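Here is a short, friendly tour of one protein model. Keep the structure open beside the text as you read.

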Amino acid sequence: MSTSRHAAPPSLLHQPKAVWAVAFACVISFMGIGLVDPILPALASQLSATPSQVTMLFTSYLVVTAVAMLLTGFVSSRIGAKRTLVAGLAVIVVFAALAGASGTVGQIVGLRAGWGVGNALFIATSLAVIVGSASGGFAGAIILYESALGVGIALGPLVGGELGGISWRGPFFGVAVLMLIALVATIVLVEPTPVPARKVSIVEPIKALRHRGLLTLALTALCYNWGFFTLLGYAPFPMELGTHQLGYVFTAWGVLVAVFAVFAAPRLQARFGIARTLYVNLALFAVNILVVGLCVENKAALITAVIVAGVFIGVNNTITTQAVMTVSPVERPIASASYGFVRFIGGGLAPYFAGRLAEHYNIHVAFYVGAAVVAVGIVILASGHKLLAEAERNQTADGHGVAAADEALAEELGSAS
């Protein structure tokens, strides 16, 4: 006879070594979101580059990531998840190290593009590997992924600031070393994964955009990411802070992004619904960027506004993905690739255009345009309001709201960087 009435649930901390290996790699990958922010002014100064040239580090990285998102399903469905994971990590190691060894901004921009390919391959498959290996089922895997996201986003600017304080090359070499450790651990600890039975076509994510709901939300996300990466890519310049201080500012920003994405967004969505939450959050984010544009000469107000932006970014990341999951008629991986392709295009172009606007007009205009583009996103979202509301009602009637919210958060975590 058993001495206990019920078997104890598996502990979240008692995971296979393979899960910890991939989770560690996820932390390093998510660090890439804000890693280069603290060293942007130092790069411009030491390599005799303009701010718009330096912000191309974001543009090349995100535009290539966007295009690579279309290829990840094609690749992983033919070689399997583990091989895709290893390939992505290897590419990141090589291009991060080469970026640290380069001598011009142009070289770094090109190498960041290669880094984007590796990051897309890795991020697109890491969630699947963790879900397939973690004890405690899907919920336990999501908690691990949430933790990796939060730690990575918060540590990225901090590590970038500390290593960048030694040399602008430090963050690049640091990522290369950490990712090399993650690569070896993944090769040794992660079991081989089978090749999926169905082969995904390259054109499937493009064809999915013919669905009005998915296209509407993807274009809304493009506008939102324009504002997001205008802040992330260009706000460090008017702050006129040292590398360490910039690291601390964006670490505070990253903490708010993680906390509101993981804890606040699901509660807001459950209470107010997807549409109302998005309308209000996007409006507040547009106002936030407008305040940044008005306060570029007031350092304290500027820093405060940039940190507070983490609240709206965190909420939007999770809620928008929930909306995509709600309206999309195609498979989740296909919808995610379509959505990621469109939204990262906006994120990639925004920092460069912000720099060009600041050079040709003034620094205020760059942020005013960012705020205006986010406002346009509200109009685009409103054009699909009936479709979104109907899909949300159907989801609630079917009783799948909580599960879909968890899956949406998982999908957002899987494409966060």
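What follows covers the main core and then two buried residues.

This is a predicted model, so local features need pLDDT of at least 70 and side-chain atom pairs count only at pLDDT 80 or more, while totals for chains, interfaces and linings use all residues. Residues are numbered from 1 along each chain as its sequence is written, and side-chain values use heavy atoms, with hydrogens and water left out.

Let's start with the largest nonpolar core, which has 116 residues. Such a core is a set of buried Ala, Val, Leu, Ile, Met, Phe, Trp, Tyr and Cys residues joined through side-chain atoms within 4.5 Å; buried means under 20% relative accessible area, with a 1.4 Å probe and protein chains only. Phe172, Met239, Trp253 and Phe285 have the most contacts inside this core. Helix H14 (residues 299–327) gives the most to it, with 13 residues; helices here are DSSP runs of H or I, at least four residues, numbered from the N terminus.

Contact means heavy atoms within 4.5 Å. Leaving aside neighbours within four places in sequence, Phe172 is in contact with residues including Val36, Leu57, Arg112 and Trp115.

Two residues outside that list are also worth a look:

| Residue | Helix | Relative accessibility |
|---|---|---|
| Ser338 | H15 (residues 332–360) | 0%, buried |
| Thr72 | H4 (residues 56–79) | 6%, buried |

Beyond four places in sequence, Ser338 contacts Pro205, Ile206, Ala208, Leu209 and Leu214, and Thr72 touches Ala120, Leu121 and Ala124. A polar atom of the Thr72 side chain also lies 3.0 Å from the backbone oxygen of Met69.

Methods: Buried < 20%, exposed > 50% of the residue type's maximum accessible area, 1.4 Å probe, protein only. Helix = DSSP H or I, 4+ residues; strand = E, 2+ residues; numbered from the N terminus. Polar contact = N/O pair within 3.5 Å; in protein donor to acceptor, adjacent residues only side chain to side chain.
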